[in-house]
Amino acid sequence: QWRIPSNENKNKVSNYSMDFDGTSDYIDFTETEFLKNEKASFSFWVKPETYSGTNYGYFFSGAAASNTGIAYSEGSSAGSYYPGVLYWYNGSTAIILDVVVTENVWNHIVIVFDGTSLKTYKDGSLGTTKTITAATTLAFDTIGRYKPTNTHYVNGEIDQICGFDYALSATQVSTLYGGGT
């Protein structure tokens, strides 16, 4: 459930970015296990609308069996979930990624699972590295909402989503960012 904006809006990364309304837009696809040998990477461009309220928006999430996702806060000040903070929900704990997704501008985000750590890049620069201490499941099948509860919809645009079954290097991340629009 998504729409392709018209060619009239020249402020997009692409004229074919997906525009999510924050209340009901999402994409479901056949569940894919991205993690191979404990390694996977996700690259995407995102332009969230102005943050308001205390909701969270899930860029990716899995079915109830995996209960995982990559999300951002739209305004909650509880704990470390300040507006725009990016986090990974591993099925039981929200892991703060210490990268802030800026509202109303395009942000390039790359998340790399390399087997022992999780690295997060914003606009080509490494933002944080977290140690992974438990088994990781990355079986995502939804873009734009938290599937297990059909809540936490993204309010903004997402473009150029790529999933890799290996850990991207810093050079590869830089190349993806440099390719930009």
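Trainee: How many strands does the secondary structure of the protein come to, and how many helices?

Mentor: This is a predicted model, and in it the secondary structure of the protein comes to 12 strands and one helix. Read from the N terminus on, the elements run β-β-β-β-β-β-β-β-β-β-β-β-α, with the helix following the strands.

Trainee: In which order do the strands of the open sheet lie, and which are the edge strands?

Mentor: An edge strand is one that pairs on one side only. Here six strands form an open sheet in the order β1-β12-β3-β8-β9-β10, with antiparallel pairing. The edge strands are β1, residues 18-21, and β10, residues 125-131. From one strand to the next, the twist averages 25 degrees.

Trainee: How many bridges join strand β8 to strand β9?

Mentor: Two strands count as paired if at least two bridges are found between them. In this case five bridges join β8, residues 107-113, to β9, residues 117-122, and the two strands run antiparallel. As an example of the register, I109 stands opposite K122 in β9.

Trainee: Where does helix α1 lie with respect to the strands?

Mentor: The angle between a helix and a strand is taken between their N-to-C directions and runs from 0 to 180 degrees. Helix α1, residues 170-179, lies across β3 (40-48), β8, β9 and β12 (155-164), and runs at about 155 degrees to β8.

Trainee: Which share of the residues counts as buried, and what belongs to carbon and sulfur atoms on the accessible surface?

Mentor: A residue counts as buried when its relative accessible area is under 20%. Of the 181 residues of the protein, 47% count as buried, while the accessible surface comes to about 8,100 Å², with 48% of that surface belonging to carbon and sulfur atoms. As for contacts in the protein between residues at least 6 apart in sequence, 60% of them join residues at least 24 apart.

Trainee: Where is the place of D123, and what is its phi?

Mentor: Turning to the backbone, D123 is in the loop between β9 and β10, and D123 has a positive phi of about 50 degrees although it is not a glycine. With a relative accessibility of 26%, D123 counts as partly exposed, because that value lies between the cut-offs of 20% and 50%.

Trainee: In which loop is H152 found, and what is the value of its phi?

Mentor: H152 is found in the loop between β11, residues 139-143, and β12. Phi of H152 is near 60 degrees, which is a positive value in a residue other than glycine. The relative accessible area of H152 is 24%, so H152 is partly exposed.

Terms used. Residues are numbered from 1 along each chain as its sequence is written. This is a predicted model: local features need pLDDT of at least 70, side-chain atom pairs count only at pLDDT 80 or more; totals for chains, interfaces and linings use all residues. Side-chain values use heavy atoms; hydrogens and water are left out. Helices (H or I, at least four residues) and strands (E, at least two) are DSSP runs, numbered from the N terminus. Buried means under 20% relative accessible area, exposed over 50%, partly exposed in between (1.4 Å probe, protein chains only). Contact means heavy atoms within 4.5 Å. Accessible areas come from the Shrake-Rupley method with a 1.4 Å probe; for residues, only the protein chains shown count as cover.
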